[in-house]
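Colleague: I have a sequence and a model open and would like to go through them with you. Can we start with the ligand?

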Amino acid sequence: MTAEAKRTAFQELPFYSPQGQEIALFENAYQHQLPVLIKGPTGCGKTRFIRHMAARLGRPLYTVACHDDLTAADLIGRHLIGDGTTYWADGPLTRAVREGAICYLDEVVEARKDTTVVLHPLSDDRRTLPIERTGEVLQAPPEFMLVVSYNPGYQNLLKGMKPSTRQRFVGMSFDYPRPETERQVVMGESGVKTATAERLVALAGGLRALKDHDLEESASTRLLVYAGTLINNGFDPVEACRAAIVEPLTDDPETADALMEVVRAVFG
Ligand SMILES: Nc1ncnc2c1ncn2[C@@H]1O[C@H](COP(=O)(O)OP(=O)(O)OP(=O)(O)O)[C@@H](O)[C@H]1O
Ligand SMILES: [Mg+2]
């Protein structure tokens, strides 16, 4: 299997605080054998949600980080040479189909379009995976599910998914959680008490409202969790926010100053 692919079989349910109806929708899609497409900004909980759902549904999870060198063979498999003979090695997609697992293609818009085309017969009502090199055609069992995600923010015109690929999926849009949910996430993940979590969420609200600085994306839930983790370990809150939130957001000193003003207004 390629280095980018990972199989996880969950013993415990990863903590996930829902934003809306996404759990019911995902369960429904699973039951009716529909593939799912998840969009949303960085650090808003897409990967955590899929890990949670795989555990909840009791399926192993194959995660593939897509990139522009990813070939169809990386997903499906290839012949390898060893002990003087050649043998066939399944790729993560093929394994997931055989096992009835969930296959999760992260940042799917990074993959070349000719790679995503191999998903077509698998993601419509045929639910088949033809393996050209061996002549095998796998029929996906009902437990198999295909999930893809991407961040529309990084997307450029060349990179979007083909309509014929997109229109094979049920789509869900994620965003940063509502303040109450985000507070629970920050507390649950970093261990900070309510008052600190509330301040971090208020800070995120302030930073996300800043429109006149050309940040590619604003402060994510992930960064709030990082800041909370540092604060919970005794770090000064203003310095924790500089290290965990402001530095990852920008390289521009003026923008950093403006962001630090918001930090001081909340924690100073
Ligand atoms: N709803 C949530 N419930 C629990 N934890 C959450 C939730 N949303 C965000 N988190 C926290 O934020 C972190 C980042 O979330 P995650 O890795 O799922 O983001 P992502 O949307 O996959 O981002 P990327 O597009 O960068 O991969 C998680 O590790 C977790 O600590
Ligand atoms: Mg992710």
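**Around the ligand**

Modeller: Three helices, α2 (46-57), α8 (179-190) and α10 (221-232), each supply at least two residues of the shell around ligand 1. Bear in mind that this is a predicted model.

Colleague: Which of the 18 residues around ligand 1 come nearest?

Modeller: Thr42, Gly45, Lys46, Thr47 and Arg48 come nearest.

Colleague: And the shell by class, what does it have?

Modeller: Six nonpolar, eight polar and four charged residues make up the shell around ligand 1.

Colleague: Where does ligand 1 lie with respect to the domains?

Modeller: Between them, because domain 1 (5-173) and domain 2 (179-267) both give residues to its shell.

Colleague: How many residues of each domain are in contact with the other?

Modeller: Nine residues of domain 1 are in contact with 10 residues of domain 2. On the domain 1 side of that contact there are three nonpolar, six polar and no charged residues. The centres of the two domains, taken over C-alpha atoms, are separated by 32 Å.

Colleague: Change of topic: the sheet. What is the strand order?

Modeller: β1-β3-β6-β9-β2-β10, in an open sheet of six strands with mixed pairing.

Colleague: Which strands stand at the edges?

Modeller: β1 (5-8) and β10 (170-173). Each has a single partner strand, so one side of each is left without a neighbour in the sheet. On average, neighbouring strands of this sheet are turned by 20 degrees against each other, direction ignored.

Colleague: β3 and β6, parallel or antiparallel?

Modeller: Parallel: five bridges join β3 (residues 61-65) to β6 (residues 102-106). One of the pairs is Leu61 in β3 with Ile102, its bridge partner in β6.

Colleague: What lies across β2, β9 and β10?

Modeller: Helix α1 (residues 22-31) lies across β2 (36-39), β9 (145-150) and β10, and runs at about 165 degrees to β10.

Colleague: There's also a hairpin of β7 and β8. How many bridges join those strands?

Modeller: Four, between β7 (residues 128-131) and β8 (residues 136-139), which run antiparallel. Leu129 stands opposite Leu138 in β8. Four residues sit between the strands of the hairpin, and Gly135 takes a positive phi near 80 degrees.

Colleague: Back to helices. α10 came up with the ligand, so what about its contact with α9, at what angle do the axes cross?

Modeller: Roughly 145 degrees, and the axes of α9 (residues 194-209) and α10 come within 10 Å. The crossing is right-handed.

Colleague: Which residues meet there?

Modeller: From α9, Thr196, Ala197, Leu200, Val201 and Ala204; from α10, Leu224, Ala227, Gly228 and Ile231. By class, that contact has seven nonpolar, two polar and no charged residues.

Colleague: And α11 with α12, how far apart are the axes?

Modeller: 10 Å, with α11 (residues 237-249) and α12 (residues 253-267) packing at an angle of about 145 degrees. The crossing of α11 and α12 is right-handed.

Colleague: What residues does α11 bring to that contact?

Modeller: Pro237, Val238, Cys241, Arg242, Val246 and Leu249. They meet Ala256, Leu259, Met260, Val263, Arg264 and Phe267 in α12. The residues of this contact divide into 10 nonpolar, no polar and two charged.

Key: Residues are numbered from 1 along each chain as its sequence is written. Chains are lettered from A and ligands numbered from 1 in the order in which they are written. This is a predicted model: local features need pLDDT of at least 70, side-chain atom pairs count only at pLDDT 80 or more; totals for chains, interfaces and linings use all residues. A residue is near a molecule or strand if its C-beta atom, placed from the backbone, lies within 6 Å of it. Ala, Val, Leu, Ile, Met, Phe, Trp, Tyr, Cys and Pro count as nonpolar, Asp, Glu, Lys and Arg as charged, and the others, Gly among them, as polar. Domain bounds come from an automatic or database domain assignment. Axes are lines fitted to C-alpha atoms, for helices over the stretch in contact, and angles run from 0 to 180 degrees between N-to-C directions. A crossing is left-handed if the near helix is turned anticlockwise from the far one by less than a right angle, and right-handed if clockwise. Two residues are in contact if their C-beta atoms, placed from the backbone, lie within 7 Å. Two strands pair if DSSP finds at least two bridges between them.
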